[in-house]
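Okay, thanks everyone, let's get going. I'll put the structure up, and then we'll go through the contact between the chains and a couple of helices.

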Protein chains: 2
Amino acid sequence: MARISKGFLNLKENYLFVEIGRKVREYVEANPDKPVIRMGIGDVTLPLAPVVVEAMQRAAGEMGVKETFRGYEDSGRGYDFLREAVAGYYKSYGVEISADEVLINDGAKSDGGNITDLFGEDNVVLVSDPVYPVYVDSSVMNGKSIIFADANESMGFSPAPPLDKKADLIYLCSPNNPTGAVFTRAQLQAWVDYAIACKAVIIYDAAYEAFISDETLPRSIFAVENARKCAIELCSLSKTAGFTGTRCGYTVIPKELEFYGENGEPLSVLKYWSRRQGSKFNGVPYIVQRGAEAVFTAEGQAQCRERIAYYMDNARIMCETFDALGIAYTGGKNSPYVWFKCGMPSWDFFDLLLSEKQVVGTPGVGFGKNGDGYFRLTAFGSKENTVEAMKRVRELMNN
Amino acid sequence: MARISKGFLNLKENYLFVEIGRKVREYVEANPDKPVIRMGIGDVTLPLAPVVVEAMQRAAGEMGVKETFRGYEDSGRGYDFLREAVAGYYKSYGVEISADEVLINDGAKSDGGNITDLFGEDNVVLVSDPVYPVYVDSSVMNGKSIIFADANESMGFSPAPPLDKKADLIYLCSPNNPTGAVFTRAQLQAWVDYAIACKAVIIYDAAYEAFISDETLPRSIFAVENARKCAIELCSLSKTAGFTGTRCGYTVIPKELEFYGENGEPLSVLKYWSRRQGSKFNGVPYIVQRGAEAVFTAEGQAQCRERIAYYMDNARIMCETFDALGIAYTGGKNSPYVWFKCGMPSWDFFDLLLSEKQVVGTPGVGFGKNGDGYFRLTAFGSKENTVEAMKRVRELMNN
């Protein structure tokens, strides 16, 4: 008899964004005359950079000619041209990694979830509260237990390691989704020191690193001492280069990173992850890898930075609104997310903002108990919509 | 302490194709003057069809314009345009499935491996011997035990269900990789009946269905009665349309397909698989989905059939060679693989064929004990290379 893997039975039924989708759909059906501004799901809205489009069109052309056609990629880890471009990108902000340590994937979500499969169900997973729900669900699915590190207003929503508890696998995200908080170098160093003391592995989600403009803040965990001994970094072109529908990311696993066998013997994470991918993944489309390569050229970087500047101008407009209202928030600087104190339970505020002002955001409680009373808005919309939404928020909050 | 998931420790160290790669590399380095013909890994060599290239170039262009840009795909299961095209393709050869039951993925290898994660480690997995090694490795990784159904010459390498044993999860592949054997309708019906008796789920790999020209042979497990109650079908554009480097496939999960909870309560496989994908996958690039859609147009089908005809002409040349030599083989008809009796241990024949005639194939024993004494060649090369390789095989076998 085919039986379910028990972890799946422990999943909570409703995914946050499904619930939001349902509520918005119902509102729009009942109020077709009231246009809704969506600042909920963190999807980009600006088109791909011209150099990326041109590179993909050229690559598609190559695929139609016998001499330049590409079949299976040998390793499934990404073409050297892209792995080297990624290593060069790290070098541009002072972090040394080797191209051999870069694994190209179809987005940070896939690897971020699948990488937990490497670790036995007896590993304790530590996440922050609030947290991006995918980390929790992926860990629950394969039977792991979860502990939480609180993040709250008193610490600017940057969690600190819980020195009284032991973790084996630690998810961190900076700039943070949902709170927009960014670890300082000292805060991140504390996590690295804690992980080394626990012999734990940190899975560091750096998907929003390109939004950091303050040069004192670390854009990679590998900017911090000893991180190569305890961390895997996930990154993505989704937000950096608008690849949410084009699907390309990368995972960095240092060669010296180890986890442990049944008798405590050290094992190479990179080796076992490569083995996993060899059986369960066949790489990213050649065409997409050529598009991703173009992101890392000087021209690509300039075009992508323009787009990020557009979104960060939206974030500035949002910050100015909350500053003027005297409402506490994190994010909006070095981050496309603004996380603010909404003054009531999050779902109540969601319903109020939707029904009174037709603005959709994300209830903070959907990311964990510490998120209740908070609300997330994203800077990925158009400037016009952002200005209009902030006008409506001001009206609502002033009443 | 971060600990490995124990299943990974049970994996065999050397992947078949890694070993072949090493041997070929060493030979080529030692003999740079002797050109090698590669008929080993099953990769295609003809370029993408023109309609596919044009569709992807057009889609890349859309991604560069604000009005037609696409971000995250809502469901991650594939755009409706492609899911409907796949359902229409099934209908063209008489199989009714709903577009809702089609899940678009980045290739059959990903889903074929990941789908085992849904099933608990207490499930017994049945595979044939010989078998495509990825099914075994994916199951071993997440701690499942494996039983084998023998396939050998006396049964034309089509395994029959082992009625004296119980299985929970069953991998079948037809046309088969590596043996080229194709299930008849009656043989497949026997497997479906067995699965239903065991309350097992069959994972049916139909990656080579487009190579079937004999209309009496089933191209889908859903052409067989009651299969909707017990089967998942995996298919891919890798071989059908040359997508090995473009990465798109699809999985069909019937709505009524069930597996079982802790107290034997029936659960929907489609529901849990969608939940898994929702947390661990974000869909296939829009550009690639537009390319895949083009495969299913009348023009796309005509262009893809031309390519398949080219490969099947190679298969015909191979079959004629083994017929003339009086050597037993399966495949080569309705299949791009030819699996022949090499008259000695498989690796000995591999070394002999490489060193004497500079032809690379795949040792049958790499697919299981019943493969020893057999050898796999693929029809995916050029006609010139196939003709030349068969000339060399004739010379070797006649000595």
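**The interface, then two helices**

So, how many salt bridges does the rule find across the interface of chain B and chain A? Ten. One to click on is B:K6 with A:D122, where the closest N and O atoms sit 4.0 Å apart. Keep in mind that what you're looking at is a predicted model.

Staying with polar things, 43 residue pairs are in polar contact across this interface, both partners at pLDDT 80 or more. Which elements of chain B give two or more residues to the side that touches chain A? Running along chain B, they are α2 (50–63), α4 (108–114), α5 (133–141), β9 (258–260), α7 (269–280) and α8 (286–295). The largest share comes from α7(B), with seven residues. If you sort that side of chain B by class, you get 36 nonpolar, 24 polar and 21 charged residues.

Now for the size. People often quote an interface as the accessible area lost when the parts come together. Here the area buried between chain B and chain A is about 7100 Å², and carbon and sulfur atoms give 55% of that. In residues, 81 of chain B are in contact with 81 of chain A.

Let's zoom in on one of those elements, α5(B). Nine of its nine residues are buried, so this helix is largely enclosed by the rest of the structure. Reading along, they're B:P133, B:V134, B:Y135, B:V136, B:D137, B:S138, B:S139, B:V140 and B:M141. What do they pack against? From chain A there's α7 (269–280), and from chain B there's α4 along with β3 (124–129), β4 (145–150), β5 (169–173) and β6 (201–205). After α5(B) comes B:G143, with a positive phi near 85°.

Okay, over to chain A and helix α3, residues 80–92. It has 13 residues and reaches 18 Å from first C-alpha to last, close to the 18 Å expected at 1.5 Å a residue. Which residues of α3(A) are buried? That would be A:F81, A:L82, A:R83, A:A85, A:V86, A:A87, A:Y89 and A:Y90, and yes, there's an arginine in that list. These buried residues pack against β2 (102–105), β7 (231–236), β8 (249–252), α8 (286–295) and α9 (298–325) of chain A. Just after α3(A) you hit A:G94, which takes a positive phi of about 90°.

That's my tour, so over to you.

Definitions and conventions. Residues are numbered from 1 along each chain as its sequence is written. Chains are lettered from A and ligands numbered from 1 in the order in which they are written. This is a predicted model: local features need pLDDT of at least 70, side-chain atom pairs count only at pLDDT 80 or more; totals for chains, interfaces and linings use all residues. Side-chain values use heavy atoms; hydrogens and water are left out. Contact means heavy atoms within 4.5 Å. Buried area is the accessible area (1.4 Å probe) that two parts lose on being put together, summed over both. A salt bridge is a side-chain nitrogen of Lys or Arg within 4 Å of a carboxyl oxygen of Asp or Glu. A polar contact is a pair of N or O atoms within 3.5 Å; within protein, one must be able to donate a hydrogen and the other to accept it, and residues adjacent in sequence count only if both atoms are side-chain atoms. Helices (H or I, at least four residues) and strands (E, at least two) are DSSP runs, numbered from the N terminus. Ala, Val, Leu, Ile, Met, Phe, Trp, Tyr, Cys and Pro count as nonpolar, Asp, Glu, Lys and Arg as charged, and the others, Gly among them, as polar. The expected span of a helix is 1.5 Å times one less than its number of residues. Buried means under 20% relative accessible area, exposed over 50%, partly exposed in between (1.4 Å probe, protein chains only).
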